[in-house]
Amino acid sequence: MAKYTITINGQSKDVDVDPDTPILWVLRDELNLVGTKYGCGIAQCGACTIHIDGNPARSCSLPVSRVADKKITTIEGLSAEANHPLQEAWRKHDVPQCGYCQAGQIMSAAALLKENKNPSDADIDDAMRGNLCRCASYTKIKAAIKSAANS
Ligand code: FES
Ligand code: FES
């Protein structure tokens, strides 16, 4: 075990965990930030996407020891009152089906819009390719991203 002070959603949090623990499990099991989901565990589905220093990252495959000195943002910290333009657009377009993949989808989309305020269809496809949805909500996801980009 090792002690870390991690900056998550703008707050410092102390944890005492094995250095190899994926940050996903630190978030979920130690800090009760359960918006970030476990899907595949091998960086292939995107359900666990968070931001590390503003960039999208797969939290299931990142040991806490590698990210402890970085700024971490989860879906809970994306906006003050779940009112990020993407979250508004998600509601407007009624995107979620079962909902399981959606936090990861929104975090990937948020990273895209931070870098590219007016993404093309191809830009969206590129940015979102690694986020799978078993409910196939892809058409609505793309519509919501476009809507948020234009808001
Ligand atoms: S759970 Fe991390 S990418 Fe699938
Ligand atoms: S909404 Fe069900 S997996 Fe995406």
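# Asking why, one residue at a time

Colleague: Ala 136 sits in the loop between α5 (121-128) and α6 (138-149). The model we are looking at is a predicted one. Why is Ala 136 called exposed?

Modeller: Ala 136 has 10 other C-beta atoms within 10 Å. The cut-off for exposed is 12 or fewer, so Ala 136 counts as exposed.

Colleague: What makes the phi of Ala 136 worth pointing out?

Modeller: Its phi is positive, at about 55°, although Ala 136 is not a glycine. Most residues other than glycine have a negative phi. There is another case: Asn 9 has a positive phi near 50° and is not a glycine either.

Colleague: Where is Asn 9, and why is Asn 9 called partly exposed?

Modeller: You will find Asn 9 in the loop between β1 (2-8) and β2 (11-17). Asn 9 has 18 other C-beta atoms within 10 Å. Buried needs 20 or more and exposed needs 12 or fewer, so with 18 Asn 9 falls in between and is partly exposed.

Colleague: Ser 12 is in strand β2. Why is Ser 12 called exposed?

Modeller: The count for Ser 12 is 8 other C-beta atoms within 10 Å. Exposed means 12 or fewer, so Ser 12 is exposed. Setting aside neighbours within four places in sequence, Ser 12 is in contact with Thr 5 and Thr 7. Ser 12 and Gly 77 are 65 residues apart in sequence, and their C-alpha atoms are 13 Å apart in space.

Colleague: Now to helix α4, where Gly 104 is placed. Why does Gly 104 count as buried?

Modeller: Gly 104 has 28 C-beta neighbours inside 10 Å. The cut-off for buried is 20 or more, so Gly 104 is buried. Leaving out residues up to four places away in sequence, Gly 104 touches Lys 37, Gly 46, Ala 47, Cys 48, Thr 49 and Asn 131. For Gly 104 and Asp 14, the separation is 90 residues in sequence and 24 Å in space, C-alpha to C-alpha.

Colleague: What makes α4 "mostly covered"?

Modeller: Of the 14 residues of α4, 10 are buried. Among them are Ile 106, Met 107 and Leu 112. The elements covering the buried residues of α4 include β3, β4, α3, α5 and α6.

Colleague: How do you know that the span of α4 agrees with the expected one?

Modeller: At 1.5 Å a residue, the 14 residues of α4 should span 20 Å. The end C-alpha atoms of α4 are 20 Å apart, so the two values agree. You can try α6 too: its 12 residues should span 16 Å, and its end C-alpha atoms are 17 Å apart, which agrees.

Colleague: Which residues of α6 are buried, and how do you know that they are on the same side?

Modeller: The buried residues of α6 are Ile 141, Ala 144, Ile 145 and Ala 148. They cover an arc of only 100° around the axis, so they lie on the same side of α6. These buried residues pack against α3 (85-92), α4 (102-115) and α5.

Colleague: Let's step back to the domains. How is the protein divided, and how do the parts touch?

Modeller: Domain 1 covers 2-77 and domain 2 covers 85-149. In the contact between them, 14 residues of domain 1 meet 12 residues of domain 2. On the domain 1 side, β3 (49-52) and β4 (55-58) are the elements that give two or more residues. The largest share of that side, 3 residues, comes from β3. The residues of that side are 6 nonpolar, 7 polar and 1 charged. The C-alpha centres of the two domains lie 21 Å apart.

Colleague: And for the whole protein, how do you know that its radius of gyration agrees with that of a compact globule?

Modeller: A compact globule of 151 residues would have a radius of gyration near 15 Å. The protein has 15 Å, so the value agrees. Its C-alpha trace spans about 45 × 25 × 25 Å along the principal axes. Of the 151 residues, 38% count as buried.

Colleague: What elements make up the protein, and in what pattern?

Modeller: There are 6 helices and 5 strands. Along the sequence they follow the pattern β-β-α-β-β-α-β-α-α-α-α.

Terms used:
Residues numbered from 1 in each chain as written. Chains lettered and ligands numbered in written order. Predicted model: local features only at pLDDT ≥ 70, side-chain atom pairs only at ≥ 80, totals over all residues. Helix = DSSP H or I, 4+ residues; strand = E, 2+ residues; numbered from the N terminus. Domains from an automatic or database assignment. Contact = placed C-beta atoms within 7 Å. Nonpolar A, V, L, I, M, F, W, Y, C, P; charged D, E, K, R; others polar. Expected span 1.5 Å × (residues − 1). Arc of directions from axis to C-beta. Rg over C-alpha atoms; globule rule 2.2 N^0.38 Å.
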